[in-house]
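Biologist: I'm new to this one and would like to learn how to read it. Could you take me through it feature by feature?

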Amino acid sequence: MTALVVFFAGAVLFRLLTLAISFRHEKALRAGGAVEHGAANTRLLALTHVAYYVAGFAEGLFRAPRFDAVSGLGLALYLFGAAMLFVVIALLGRFWTVRIMIAPDHVAVTHPLFRVLRHPNYYLNILPELVGYALVMHAFATLVIGMAIYAVPLVRRIREEERVMRADVPGYT
């Protein structure tokens with residue numbers, strides 16, 4: 001039980017750290033004239049993320065699992081997603097935020113990771129993070145139901161980001 005609480009606290013602290021980075025970038029981008037797109041969906045996505053974490057934690061407390069192969073796989077996936085988020089943050093630099101922010105001087109990132117996988121932040125960070133989190137908690141209902149719910153604003157987010165990037169960012173194809 002203690003391990004679940006420690007993992008949950010670590011996951012929340014990790015997300016708060018990345019939010020601090022995002023808020024710092026957002027402030028600078030706004031000061032430079034950046035425009036936010038899809039704000040309502042961003043709020044829904046954030047709410048869904050929090051709900052997923054809370055539901056997974058509650059389910060984990062209810063199940064009180066021991067650390068086993070499922071937990072180990074989940075931890076590996078979660079850590080992979082966390083590491084990939086730092087890679088994405090490093091590659092996007094000041095343009096990385098949890099919002100869709102387009103600056104007047106926005107440029108398309110041409111790193112091979114972005115050419116091979118259009119949205120590594122979602123596919124290499126968010127999805128492994130959420131699957132891994134649920135597996136560590138043995139939160140199988142959260143995994144199935146939560147991911148189905150999470151997919152709605154996530155797909156909407158990806159489509160909105162694609163539309164805005166194509167329209168407003170030179171070199172984005």
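Modeller: Sure, starting with the core, and bear in mind that this is a predicted model. The general idea is that in soluble globular proteins, nonpolar side chains tend to be buried together. Here the largest nonpolar core has 35 residues.

Biologist: Which residues have the most contacts inside that core?

Modeller: They are Tyr52, Tyr53, Tyr78, Trp96, Leu130, Tyr133 and Met137. As for where the core comes from, the elements giving two or more residues to it are α1 (2-31), α2 (39-63), α3 (69-92), α4 (112-116), α5 (120-137) and α6 (140-168). The largest share, nine residues, is supplied by α5.

Biologist: Let me zoom in on one of them. What is Leu130 in contact with, leaving aside its neighbours within four places in sequence?

Modeller: Leu130 touches His49, Tyr52, Tyr53, Met147 and Tyr150. Two of those names, Tyr52 and Tyr53, are also on the list of residues with the most contacts inside the core. There is a second, separate core as well, made of seven residues, among them Ile100, Val164, Met165 and Tyr172.

Biologist: Now let's step back to the whole chain. How many helices and strands are there in the protein?

Modeller: Six helices and two strands. Going along the sequence, you meet them in the pattern α-β-α-α-β-α-α-α. To judge how compact that is, compare the radius of gyration with the globule rule: the protein has 17 Å, close to the 16 Å that the rule gives for 173 residues, so it is as compact as a globular protein of that length. The C-alpha trace spans about 50 × 30 × 25 Å along its principal axes.

Biologist: And what share of the residues is buried?

Modeller: Buried residues are 46% of the 173. Contacts tell you something too: take those between residues at least 6 apart in sequence, and 86% of them join residues at least 24 apart.

Biologist: What about the outside? What area does the protein expose?

Modeller: About 9,000 Å², with carbon and sulfur atoms supplying 72% of it. One thing to look for there is a nonpolar patch: Met1, Val5 and Leu61 make one of about 250 Å². You'll find Met1 in the segment before α1.

Biologist: Next, backbone angles. What should I look for in phi?

Modeller: Most residues other than glycine have a negative phi, and most peptide bonds are trans. With that in mind, look at Ala64, whose phi is near 45°, a positive value in a residue other than glycine. Ala64 sits in the loop between α2 and α3. His138 is another case, with a positive phi of about 55° although it is not a glycine. For His138, the place to look is the loop between α5 and α6.

Biologist: Are those two residues buried or exposed, or partly exposed?

Modeller: Buried means under 20% relative accessible area. His138 has 10%, so it is buried. Ala64 has 39%, so it counts as partly exposed.

Biologist: Last topic, salt bridges. How many does the count come to?

Modeller: The count comes to ten salt bridges. To read one, find the two side chains and check the distance between nitrogen and oxygen. Take Glu160 and Arg163, where the closest N and O atoms are 2.9 Å apart. Both lie in helix α6, three residues apart, which is about one turn of the helix.

Biologist: Which residue does Glu162 pair with?

Modeller: Glu162 forms a salt bridge with Arg166, and their closest N and O atoms are 3.2 Å apart. This pair also lies in α6, but four residues apart, again about one turn of the helix. Check the accessibility of each partner as well: Glu162 is at 11%, so it counts as buried, whereas Arg166 is at 52%, so it counts as exposed.

Biologist: Which residues do salt bridges with shared partners join into one network?

Modeller: Glu26, Arg30, Glu36 and Arg99. Within that group, the side chains of Glu36 and Arg30 meet at 2.9 Å, N to O. Glu36 is partly exposed at 21% relative accessibility, and Arg30 is partly exposed at 41%.

Definitions and conventions:
Residues numbered from 1 in each chain as written. Predicted model: local features only at pLDDT ≥ 70, side-chain atom pairs only at ≥ 80, totals over all residues. Heavy atoms only, no water. Patch = residues over 30% accessible without salt bridge, like charges linked within 9 Å, V, L, I, M, F, W, Y side chains within 5 Å. Areas by Shrake-Rupley, 256 points an atom, 1.4 Å probe, with all protein chains shown as cover. Salt bridge = Lys/Arg side-chain N within 4 Å of Asp/Glu carboxyl O. Core = buried A, V, L, I, M, F, W, Y, C linked by side-chain atoms within 4.5 Å. Buried < 20%, exposed > 50% of the residue type's maximum accessible area, 1.4 Å probe, protein only. Contact = heavy atoms within 4.5 Å. Rg over C-alpha atoms; globule rule 2.2 N^0.38 Å.
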